[in-house]
Amino acid sequence: MAPFFSTTRRRSPARRPPSPTKTLFAGSKSSTPLKPTSRPPCKATVSCADILAVAARDGVVKLGGPSWPVALGRRDATTASQSAANTDLPGPSSTLDALVSKFAAKGLSARDMTALSGAHTIGQSQCQFFRSRIYNDANIDADFAAIRQGNCPLSGGDGNLAALDVQTPNQFGNEYYRDLVSSRGLLHSDQELFNNGTQDALVTQYSRNSNLFFGDFAAAMVKMGAITPLTGTSGQIRLNCRAVNP
Ligand code: HEM
């Protein structure tokens, strides 16, 4: 992974690129926009994968969560595999054993898995992914189940949304773990982390100590961000993040 470098490294002033304002108005005596210079536009330089990795980190920071150094130099894939995604990614009805083994298959420990699941402190899920939990699971707070059933009927409404963290869905904090301790995890897979199993003690610690959670989450994000990136001449730098280059 030689081409990887970190955004936290400072460039020397000589290598630092001019600010956008300076570039735009270079040589101009007024604020009239210039014609394009002879310098070619800077495209095919930063991959969409790197942009996403940095945006994810900055989004977490913006919502009150921890920061971490993002190694850069990933390239974008030219192929995708739905069957690999279906096999490798755990689903919302997973058991704890399945969660642990699917993360282990990618070199992530059970502790990494439990810390990374804390990303569910933000965002939402569609009804189809938590319906079975709110109607069938026994280890769920009754009031919480009733509230969620209000917008997720037994049939229909598959796409209806509910917050993954019932307390502070738009803030990055340790409330997700407090939800789990009070049987208010939205996904079956969430509540598996606190269901008389191996992760109960860690969930309890995270629910009481957000600094511990933040440190473990940041470390696990660095680890996850380094899983088999495309580098060198593998893949490509997409010009449009929605599609492989023509
Ligand atoms: C542990 C295994 C995991 C399972 C089973 C799981 C499952 C899910 C499901 C079913 C949803 C709802 C998707 C939808 O309704 O369209 C979701 C949302 C989300 N997940 Fe996970 N997830 C897992 C781990 C992770 C990890 C490791 C992260 C990031 C570090 C993450 C971040 C998110 C975020 C941010 C959302 C909200 C998306 C939004 O609001 O648009 N999840 N997850």
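These are my notebook entries on a predicted protein model with a ligand.

**Confidence**

I started with the confidence scores. The protein averages a pLDDT of 88, and 84% of the residues score at least 70. Residues 1-31 have a pLDDT below 50, and in the model this stretch has 25 contacts beyond near neighbours in sequence. Where pLDDT is low, predicted coordinates should not be read in detail, and I kept that in mind.

**Overall fold**

Next I looked up the secondary structure and found 11 helices and 4 strands in the protein. I then checked burial: 27% of the 246 residues are buried. For contacts between residues at least 6 apart in sequence, I noted that 71% join residues at least 24 apart.

**Around the ligand**

Which residues come nearest to the ligand? Of the 18 around the ligand, I listed Leu116, Ala119, Gly123, Ser125 and Gln126. Two elements give two or more residues to this shell, helix H5 (110-116) and strand E3 (124-126). E3 gives the most, with 3 residues. I also sorted the shell by residue type and got 9 nonpolar, 9 polar and no charged residues.

**Helix H2**

I checked the length of helix H2 (residues 48-62) against expectation. At 1.5 Å a residue, its 15 residues should span 21 Å, and the end C-alpha atoms are 20 Å apart, which agrees.

Which residues of H2 are buried? I found Ala49, Asp50, Ala53, Arg57 and Val60. They cover an arc of only 110° around the axis, so they sit on the same side of H2. That fits the usual pattern: an α-helix has 3.6 residues a turn, so residues three or four places apart point the same way. The buried residues of H2 pack against strand E2 (71-72) and helix H11 (210-225). On the other side of H2, I noted Ala55, Asp58, Gly59 and Lys62 as exposed. Following H2 there is Gly64, with a positive phi near 100°.

**Asp158**

My last stop was Asp158, in the loop between helix H7 (142-149) and strand E4 (161-163). Is Asp158 buried or exposed? I counted 12 other C-beta atoms within 10 Å of Asp158; a residue is exposed at 12 or fewer, so Asp158 is exposed. Leaving aside residues up to four places away in sequence, Asp158 touches Gln126, Cys127 and Gln128. One of these, Gln126, was already on my list of residues that come nearest to the ligand. I also looked up Phe130, 28 residues from Asp158 along the chain, and their C-alpha atoms are separated by 9.6 Å.

Conventions:
Residues numbered from 1 in each chain as written. Predicted model: local features only at pLDDT ≥ 70, side-chain atom pairs only at ≥ 80, totals over all residues. Near = placed C-beta within 6 Å. Nonpolar A, V, L, I, M, F, W, Y, C, P; charged D, E, K, R; others polar. Buried ≥ 20, exposed ≤ 12 C-beta atoms within 10 Å, placed from the backbone. Contact = placed C-beta atoms within 7 Å. Expected span 1.5 Å × (residues − 1). Arc of directions from axis to C-beta. pLDDT = per-residue confidence, 0-100.
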